[in-house]
Amino acid sequence: MKEREGQEEIFSQILRAGRRTYFFDVRATKAGDYYLTVTESKKFTHDDGSFHYQKHKIYLYKEDFVEFQEQLKQATDYIINEKGEEVISERHQKDFKKEEDADDENMATADFTEVNFDDI
């Protein structure tokens with residue numbers, strides 16, 4: 001937190017997103033102008049239950065705001081247009097089972113006739 005010593009937070013917002021937290025902080029330069037820091041903080045838990053946070057930070061200055069917003073909008077629009085708004089990250093979880101696969105399994109077993117070997 002040494003970085004924040006002597007720096008007044010003018011405006012701050014927090015976005016919690018699963019194991020990640022995003023901080024949007026407006027700060028002032030020594031000359032009194034404002035800039036934005038965006039910090040991603042990700043929590044990592046160790047096998048023994050202890051944890052640590054890994055942080056990444058970008059600094060965004062006013063002269064880059066317009067182009068940054070345009071580029072961000074183009075990139076996010078591209079993703080939505082190409083992949084839709086569905087979040088597919090659940091597929092990377094160990095116990096994930098696609099709904100289609102689950103339906104296929106149920107249909108496959110429904111096609112078989114149950115045979116009791118005691119009847120033969």
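Two strands are taken as paired if DSSP finds at least two bridges between them. With that criterion in mind, the tour of this predicted model can begin at the sheet.

**The sheet**

Select strand S1 (11–17) together with strand S2 (residues 20–28). These two strands pair in the antiparallel sense over 7 bridges. For a single example, highlight Phe11, whose bridge partner in S2 is Val26.

Next, extend the selection to the whole sheet. The sheet is open and is formed by 4 strands in the order S1-S2-S3-S4, with antiparallel pairing. Strand S1 and strand S4 (51–61) stand at the edges, and each has a single partner strand, so one side of each is left without a neighbour in the sheet. From one strand to the next, the twist averages 15°. As general background, strands of a sheet pair through backbone hydrogen bonds, in either a parallel or an antiparallel sense.

**Thr39 and its surroundings**

Centre the view on Thr39, which lies in strand S3. Is this residue buried or exposed? Thr39 is buried, with a relative accessible area of 4%, because buried means under 20%. Leaving aside residues up to four places away in sequence, Thr39 touches Thr21, Tyr22, Phe23, Lys55, His56 and Lys57.

From that set, select Lys57, which has its place in strand S4. Lys57 is partly exposed, at a relative accessible area of 28%. Then draw a distance from Lys57 to Tyr22: the two are 35 residues apart in sequence, and their C-alpha atoms are 9.6 Å apart in space.

**Aromatic pairs**

Now display the aromatic side chains; the structure holds 3 aromatic pairs. In general, such a pair is described by the distance of the ring centres and the angle of the planes.

Select Tyr35 and Tyr59. Their ring centres are 6.2 Å apart and their planes stand at 35°, so the pair is tilted. Tyr35 lies in strand S3 (residues 34–45) and Tyr59 in strand S4, so the pair ties together parts that are 24 residues apart in sequence. Tyr35 is buried, with a relative accessible area of 7%, whereas Tyr59 is partly exposed, at 40%. Adding Tyr61 to the selection completes a cluster, in which ring pairs link Tyr35, Tyr59 and Tyr61.

Move next to Phe51 and Tyr53. How are these two rings arranged? Their centres are 5.7 Å apart and their planes are at 85°, so the pair is edge-to-face. Phe51 is partly exposed, with a relative accessible area of 45%, and Tyr53 is partly exposed, with a relative accessible area of 45%.

**Charges over rings**

Keep Phe51 in view and add Lys43. The charged end of Lys43 sits over the ring of Phe51, 4.3 Å from its centre. Then select Arg19 and Phe44 for another such arrangement: the charged end of Arg19 sits over the ring of Phe44, 5.5 Å from the ring centre.

**The helix**

The last stop is helix H1 (residues 65–83). How far does this helix reach from its first C-alpha to its last? H1 has 19 residues and reaches 27 Å, close to the 27 Å expected at 1.5 Å a residue. When inspecting the side chains, recall that an α-helix has 3.6 residues a turn, so residues three or four places apart point the same way. Finally, select Gly84, just after H1, which takes a positive phi of about 75°.

Technical notes
Residues are numbered from 1 along each chain as its sequence is written. This is a predicted model: local features need pLDDT of at least 70, side-chain atom pairs count only at pLDDT 80 or more; totals for chains, interfaces and linings use all residues. Side-chain values use heavy atoms; hydrogens and water are left out. The expected span of a helix is 1.5 Å times one less than its number of residues. Axes are lines fitted to C-alpha atoms, for helices over the stretch in contact, and angles run from 0 to 180 degrees between N-to-C directions. Rings of Phe, Tyr and Trp (its six-membered ring) pair if their centres lie within 6.5 Å; planes under 30 degrees apart count as stacked, over 60 as edge-to-face and the rest as tilted. Buried means under 20% relative accessible area, exposed over 50%, partly exposed in between (1.4 Å probe, protein chains only). A charge sits over a ring if NZ of Lys or CZ of Arg is within 6 Å of the ring centre and within 35 degrees of the ring normal. Contact means heavy atoms within 4.5 Å.
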